[in-house]
Amino acid sequence: MAFQRMTNKDIKPTDKEMLSTVGKKSTLWEELKSYVEEHYEFTPEIVFYGEKIGWTLRYRRSGKTLCSFFPEKDAFTVLIVLGKKEVEKTKLLMN
C-alpha cells in the first residue's frame, strides 16, 4: 500500500486540513497531539520534509525535535526522536 501523503510544497496545510486527511484516524491523531502538548513543553510547527515525505506536524524546542506526525489518507505515521540516553534506556528495556 502506497502512502498518500500531503506532498504539494506550494500549499501549506492547516491543522484542520491535516485532520481531514487522516480521516478515520482523526480521533487517535487528536489524542496523541493532546498528550504531547499536555506532557511536554515543545512547540508545534508545520514543516515540509520533502517531495516524498511531504508535510509534517513537528514538535520542537531549542533546536531539538521530540516527534513528528506525518498525515496520510486515513492514516498517519509518528516519528519519535530518541537521544543517546533514551536509546540506551530503550536497549535496557528490550533486554
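**Arg60, its partners and the packing of the chain**

Arg60 is partly exposed, with a relative accessible area of 27%. In this model, which is predicted, Arg60 belongs to a network of salt bridges with shared partners, in which Glu45 and Arg58 also take part. One of these bridges pairs Arg60 with Glu45, the closest N and O atoms lying 3.9 Å apart. Because Glu45 is a residue of strand E1 whereas Arg60 is a residue of strand E2, this pair ties together parts of the chain that are 15 residues apart in sequence. Glu45 is itself partly exposed, with a relative accessible area of 27%.

A salt bridge also links Glu45 to Arg58, and here the closest N and O atoms are separated by 2.7 Å. Arg58 lies in strand E2 and Glu45 in strand E1, which spans residues 43-48, so that this pair connects parts that are 13 residues apart in sequence. Arg58 has a relative accessibility of 16%, and since buried means under 20% relative accessible area, Arg58 counts as buried. In general, side chains of opposite charge can pair when their charged atoms come close.

The structure holds 5 salt bridges, and one that lies within a helix joins the side chains of Glu30 and Lys33, with a distance of 3.9 Å from N to O. These two residues both belong to helix H2, where they are 3 residues apart, about one turn of the helix. The partners have unlike surroundings, in that Glu30 is partly exposed at 32% relative accessible area, whereas Lys33 is buried at 11%.

The network residue Arg60 has a further partner in Thr65, for the side chains of these two residues are joined by a polar contact of 2.8 Å. Thr65 is located in strand E3 and, with a relative accessibility of 17%, counts as buried. When residues up to four places away in sequence are left aside, Thr65 touches Phe42, Arg58, Tyr59, Arg60 and Val81, a set that includes both arginines of the salt-bridge network.

As regards the overall organisation, the protein chain contains 3 helices and 4 strands, which follow one another along the sequence in the pattern α-α-β-β-β-β-α. The C-alpha trace spans about 40 × 30 × 25 Å along its principal axes. Of the 95 residues in the chain, 28% count as buried. Among contacts with a separation of 6 or more, 46% are accounted for by residues 24 or more positions apart. The chain exposes about 7100 Å², of which carbon and sulfur atoms supply 54%.

In soluble globular proteins, nonpolar side chains tend to be buried together. The largest nonpolar core of this model has 14 residues, and the members that touch the most others are Met18, Trp29, Leu57, Tyr59 and Phe69. Two or more residues of this core come from each of helix H1 (15-22), helix H2 (26-39), strand E2 (55-61) and strand E3 (64-72). The surroundings of Leu57 can be described in detail: with residues up to four places away in sequence not counted, Leu57 touches Met18, Trp29, Lys33, Pro44, Glu45, Ile46, Cys67, Ser68 and Phe69. Among these neighbours are Lys33, the buried salt-bridge partner in helix H2, and Glu45, which pairs with Arg58.

Nonpolar residues are also found on the surface, where Leu28, Leu32, Val78, Ile80 and Leu82 form a patch with about 410 Å² of accessible area together. The elements that contribute two or more residues to this patch are H2 and strand E4 (75-80). Leu32, one of its members, lies in helix H2 and is partly exposed, with a relative accessible area of 33%.

Two loop residues other than glycine have a positive phi value. The first described here is Ser62, whose phi is near 50°, and which is found in the loop between E2 and E3; Ser62 is exposed, with a relative accessible area of 72%. For Asp74 phi is near 55°, and the residue is placed in the loop between E3 and E4. At a relative accessibility of 28%, Asp74 counts as partly exposed.

Note on methods:
Residues numbered from 1 in each chain as written. Predicted model: local features only at pLDDT ≥ 70, side-chain atom pairs only at ≥ 80, totals over all residues. Heavy atoms only, no water. Core = buried A, V, L, I, M, F, W, Y, C linked by side-chain atoms within 4.5 Å. Buried < 20%, exposed > 50% of the residue type's maximum accessible area, 1.4 Å probe, protein only. Contact = heavy atoms within 4.5 Å. Polar contact = N/O pair within 3.5 Å; in protein donor to acceptor, adjacent residues only side chain to side chain. Patch = residues over 30% accessible without salt bridge, like charges linked within 9 Å, V, L, I, M, F, W, Y side chains within 5 Å. Areas by Shrake-Rupley, 256 points an atom, 1.4 Å probe, with all protein chains shown as cover. Salt bridge = Lys/Arg side-chain N within 4 Å of Asp/Glu carboxyl O.
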